[in-house]
Amino acid sequence: MITKFVWRHILKVREILPALATLVLLGVWSFPSYALPAFARQTGQNCLACHAGGQFPELTQYGRLFKLTGYTLGSRSIPLSVMAVIDYTNVRNPKDSAGVKDTTDFYKNGQPMFDFASVFLAGKITDNLGVFAQATYANYDHQKTPGVGPYEGYLTPDNTELRYADRFISPGNDLIVGAFANNNPSMQDVWNSTPAWGYPYIGPKFALGAPASPLLDGGLAQNAVGAGVYAYWNKSVYGELSMYKTANGPFGFLHPGGNAGIARIKDGAPYWRLAYTKEFGPHNLMIGTSGLVADIHEGNDVTLPTDHYKDYGLDAQYQYILDPHTVTAHISYIHENVRWGNPALVGTAGADNANETLKELKMKVAYVYNAKYGGSLAYQQLTGSTDATFYAGSNPPVPTDISGNMAGSPDTTVWVPEVFWTPVQYLRVGAQYWHYTKFNGASSNYDGLGRSASANDTLFFYVWGAY
Amino acid sequence: MKTALYTTLTLAIASLAIGGCSNLERSRDLGNPQVQGKTLAMQVCSNCHSVDGNSINPNFPKLAGQQEDYLVAQLTYFRSHNRSDPEGSEYMWGIARKLTDEQIKGLATYFSQQKDAPNVTGDPALVAEGKALFENGNPKEEVAACAGCHGAQGMGNGTFPRLAGQHKDYMIKQLHILSQTDQRPAGAMMKPLVHGLTPSDMIAVTTYLQGISPQ
């Protein structure tokens, strides 16, 4: 459900939404979740060397340097890993206003399910070159018949990166320079306050979520292919510049499914990143900014007008790591402005406004004891311009069970407490509770048929293993 | 703007293309005996211990100015799994598993020659208490003077490690390991010696040691 709305926002082409839904479910919005025993075998180290308190995928300073130096530290070993997730989702009220259970949005509600599994090819290739490539089998990838009926599984490409790095280091000077090519803007990032590796690291598949998301927050994941260069100086200043294009043609293998529903980026979309980091005692701090500018055609036809996206992000990360305690905190704010490319549709169909804004705030704090027992609290708030046609499908909005949006607003607020346990380094068991205080612009009766935001509260258990 | 971006792309692709070249001088390959210990010290060990051996996070010991023989011994123990304290082995078994004797020697030489940077000094009263314990021990509890083996200023001697300027948190952790476990067999002689140390004794003596900055 999240995905449907997100993609509506990104491409604003309702006619191809069914095709997009398939694409979306192929993994763009499956929660990224990666711990890599292949890397652990390469370095011979415990997962907690690279992952803060063992809570993959959050990186420690050591893990960040491992990645920035191109996954090349250690000695070559079998570069393969596998990962699987079994989970259970229970939405507080899965019924519509007539008391009928919604088995599409809340498919498998209250039942345990094998959610997805991944295989990784990851590790050192040469002294300067490393790879991280993932393919994911989503067990509930898409519905056999769009919109109705059971789901079927599908294996698709996921986050994939080739990275080159060199390090010029001596007492008093440390310069890491590198280049990368990947299929997800911000996948290259080493802090967990940017989208590709940000919280939640795993989450419910069949539950509702915010009705939109900035393009920078995963909108081009596996839809784009790009390359960039970066430098990290004296463990203090990091800068990066990259450019992305549509993942089609020879790069189509990095994109799930066919090209029918792919986001067609006009020319190239630049992505940039700056960060300042400081380590003092057991504390490690990062403040940064990033941005993405893209012109995306309003459909698969490149003769169609383009929507102009300007996304700017501010983020910060704090870590305290001193055995046996690990404390981490992240904050991310993304501001997006979209200018629709087809003025004829504005005010008539598609959108009421010629421009939309979206502001996404995400915060999270976590504590882990002895790399085994952990808990976190996250807060996520989405706000944006009101646009009944865009968010509700008509102006004035029409009451619609569960997915309705009488406010014509993306405003959604959710709190997510989580507890987790890592009995062994390759396995995590956890529980989240998603508590919505606002949904589609309202706390109560957001769909015009009496549904409150908290009706979408979701309990989520997971067992997440990797080897 | 577009030109700059395409230049970026070209640079990135060119870098990736030349990534196949060997690079012994700046390698992070822990399985290649041809890579010098000094290179590994800077390319790998620096991630936690800093390039000059003055680690910032007290989870990781300072290695700057450490006794060379002690560093050789510890790396050898990690390699052979004769040192198994979890906080050390989780990181160091993997790092040391394929190191050659020559690389270990090179690493130890490199860090032993680095200049120790002054560490945090503690409360003067606590420092005085720790200094007395370090220099005189506690005969009543049969705690021997640390200075007997570690030197009057805690500079260490051969396989007896330098403690001067070391992180307090790291030393406390090691005292617990040495007094309560057999995870560091080479340090077995410490077990009876530190058995009589109370938690407050440990804080005092490590506070003193952390603040020592011999010239």
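**Burial, interface and backbone geometry in a predicted model**

Buried residues account for 47% of the 215 residues in chain B. The model under discussion is predicted.

Biologist: What makes A:Asn440 count as buried?

Modeller: A residue is buried if 20 or more other C-beta atoms lie within 10 Å of its own. A:Asn440 has 28 C-beta neighbours inside 10 Å, and therefore counts as buried. A:Asn440 is located in the loop between strand S15 (427-438) and strand S16 (458-466) of chain A.

Biologist: Why is A:Asn445 called partly exposed?

Modeller: The label applies between the two cut-offs, 12 or fewer for exposed and 20 or more for buried. A:Asn445 has 15 C-beta neighbours inside 10 Å, so A:Asn445 counts as partly exposed. A:Asn445 also belongs to the loop between S15 and S16 of chain A.

Biologist: What is notable about phi of A:Asn440?

Modeller: Most residues other than glycine have a negative phi. Phi of A:Asn440 is near 50 degrees, a positive value in a residue that is not glycine. A:Asn445, not a glycine either, has a positive phi of about 50 degrees.

Biologist: How do you know that the peptide bond from A:Tyr199 to A:Pro200 is cis?

Modeller: Omega of the bond from A:Tyr199 to A:Pro200 is near 5 degrees, and the bond is cis. Most peptide bonds are trans. A:Pro200 is found in the loop between S5 and helix H6 (215-219) of chain A. The bond from A:Asp323 to A:Pro324 is likewise cis, with omega near 5 degrees. A:Pro324 lies in the loop between S10 and strand S11 (325-339) of chain A.

Biologist: What makes the pattern of chain B read α-α-α-α-α-α-α-α-α-α?

Modeller: Chain B has 10 helices and zero strands, and the pattern along its sequence is α-α-α-α-α-α-α-α-α-α. Of the contacts in chain B with a separation of 6 or more, 67% join residues 24 or more positions apart.

Biologist: How many residues does each chain bring to the contact between chain A and chain B?

Modeller: Chain A brings 44 residues and chain B brings 41 residues. Among the elements of chain A that give two or more residues to this side are helix H5 (61-68), strand S4 (148-170) and strand S10 (306-322). S4(A) gives the most, with six residues.

Biologist: How do the residues on the side of chain A that touches chain B divide into nonpolar, polar and charged?

Modeller: The side of chain A that touches chain B has 22 nonpolar, 15 polar and seven charged residues.

Terms used
Residues are numbered from 1 along each chain as its sequence is written. Chains are lettered from A and ligands numbered from 1 in the order in which they are written. This is a predicted model: local features need pLDDT of at least 70, side-chain atom pairs count only at pLDDT 80 or more; totals for chains, interfaces and linings use all residues. Helices (H or I, at least four residues) and strands (E, at least two) are DSSP runs, numbered from the N terminus. Two residues are in contact if their C-beta atoms, placed from the backbone, lie within 7 Å. Ala, Val, Leu, Ile, Met, Phe, Trp, Tyr, Cys and Pro count as nonpolar, Asp, Glu, Lys and Arg as charged, and the others, Gly among them, as polar.
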